[in-house]
Number of protein chains: 2
Amino acid sequence: MSKKERQQKLLQTIDGNPFVTDRELTRQLKVSIQTIRLDRLELGIPELRERMKLMAEHSYDQVRSLPPDEIVGDIVDLQLDKSGISIFEIREEHVFSRNGIARGHYVFAQANSLAVAVINDEIALTASADIRFVRMVRLGEKCIAKAQVRSLAGRGGKAEVDVFTYVVEELVFQGHFVVYRSAVEE
Amino acid sequence: MSKKERQQKLLQTIDGNPFVTDRELTRQLKVSIQTIRLDRLELGIPELRERMKLMAEHSYDQVRSLPPDEIVGDIVDLQLDKSGISIFEIREEHVFSRNGIARGHYVFAQANSLAVAVINDEIALTASADIRFVRMVRLGEKCIAKAQVRSLAGRGGKAEVDVFTYVVEELVFQGHFVVYRSAVEE
DNA sequence: TACATATTAGTACCTGGTTCTAAAATGAAA
DNA sequence: TTTCATTTTAGAACCAGGTACTAATATGTA
């Protein structure tokens, strides 16, 4: 493998998983750790901790600068174990090309992500869900999902989260999620 | 200032700025660094790097939405209006970085895609669904989703599709989908 | 005065690096 | 084949921001 190829692969790998350490990269690319570090230097890729810091700052800024009605990012408001709001714009790649209607799983994914994000626990996984697609969502529409934590069992229990998704003022989706939460590491 | 008061202030300070180091905290609270660390220990506040890592993972997991693929999973068998089988392998990009467990919406997306694909109609949209994540799916596992059409109203009506997803022989997901079908172009 | 609690000090050690120097391997041109 | 540049590897010193542990000293209070 040439240097160019390796650096290409390095970029891809780190892009696919930014939490990878140099040591893990040596195993994947079969070169010494010094080479990895020279490559990162040449490519301008910061070290793991710096990458995590940048991501953390970015998300922190996002949640901080909560623009009341402006549409910017994904999660615009998050009160752990209480509520959250996320915004998702339906684009080309989310719709059936035939009719411009959003595929259900994108609308679900937004709600599911939010339901999981709002639960303040190391591990939060969806256990079950009861969902209803109230009306079709079309290309270009902005889905505003609002989550409310309804009940919250102690650590290691289950939480119930209701999510309502609106386009402007109109309800397009509703879901009742049971989220499994646990601090255990299995 | 009492211990309680100080710990209260510590919580507030870190909450207000999670990127603060212990050294900076000593300056603000006028106690030794050991006291700061004992306080963090008692309050269960992780160290700066761990805090940043958690934030980064949280936002990263959140940001990762579904791939812009038309259909999630490979459909390997399809008998329109009857049944279908799709295979989907859980890879890096589908799991929570922290624990390698698949995000629920991918498993849902596979089932949803299949439920829609199995309906032989110009437009087929998910109307509602009742789903259950039976067990967690892990990195590298192959999900085999099997769909069965249960009932089929005439054109313009609703169809009911059951999807069961397995890893090897083990059931990991089950869902009952109500799919809206229509030849109308609205 | 005695005792418990709280605080401070100091050391060894950890991860995941940076920075620097230097040796070895590899490849291509003369 | 020799020569030279590039590439790769190695190793040591050092860094931030900690943890874990031991031990000494303050401080309040009964």
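1. In what follows, helices and strands are DSSP runs numbered from the N terminus, a helix having at least four residues, and a residue is near a DNA strand if one of its heavy atoms lies within 4 Å of it. With that in mind, the largest share of the surface near DNA strand D, three residues, comes from α3(A). The reader should keep in mind throughout that this is a predicted model.

2. Turning to the rest of the surroundings of DNA strand D, 15 residues lie around it, and those that come nearest are Arg6(A), Thr35(A), Arg40(B), Leu48(B) and Arg49(B). Of the atoms of DNA strand D that come within 4 Å of the protein, sugar and phosphate account for 68%. The helices α1 (3-16) and α3 of chain A, along with α3 and α4 (48-63) of chain B, each supply at least two residues of the surface near this strand.

3. Which residues place a polar atom beside a phosphate oxygen of DNA strand D? Arg6(A) does so with a polar side-chain atom, at 2.7 Å, whereas Ser32(A) uses a backbone N or O atom, at 3.0 Å. From chain B, a polar backbone atom of Leu48(B) is 2.9 Å from a phosphate oxygen of the strand.

4. DNA strand C is likewise surrounded by 15 residues, of which the closest are Leu48(A), Arg49(A), Arg6(B), Ser32(B) and Thr35(B). Sugar and phosphate make up 70% of the atoms of DNA strand C that come within 4 Å of the protein. Here α3(B) gives the largest share of the nearby surface, three residues, and at least two residues each are supplied by α3 (33-43) and α4 (48-64) of chain A and by α1 (3-16) and α3 (33-43) of chain B.

5. The contacts computed for DNA strand C include both phosphate and base. A phosphate oxygen lies 2.7 Å from an N or O atom in the side chain of Arg6(B), and a phosphate oxygen is 3.0 Å from an N or O atom in the side chain of Arg40(A). What does Gln34(B) approach with a polar side-chain atom? That atom of Gln34(B) lies 3.2 Å from a base nitrogen of DNA strand C.

6. A last point concerns the classes of residue on each surface. The surface near DNA strand C divides into eight charged, four polar and three nonpolar residues, and the surface near DNA strand D has eight charged, four polar and three nonpolar residues.

Definitions and conventions. Residues numbered from 1 in each chain as written. Chains lettered and ligands numbered in written order. Predicted model: local features only at pLDDT ≥ 70, side-chain atom pairs only at ≥ 80, totals over all residues. Heavy atoms only, no water. Polar contact = N/O pair within 3.5 Å; in protein donor to acceptor, adjacent residues only side chain to side chain. Nonpolar A, V, L, I, M, F, W, Y, C, P; charged D, E, K, R; others polar.
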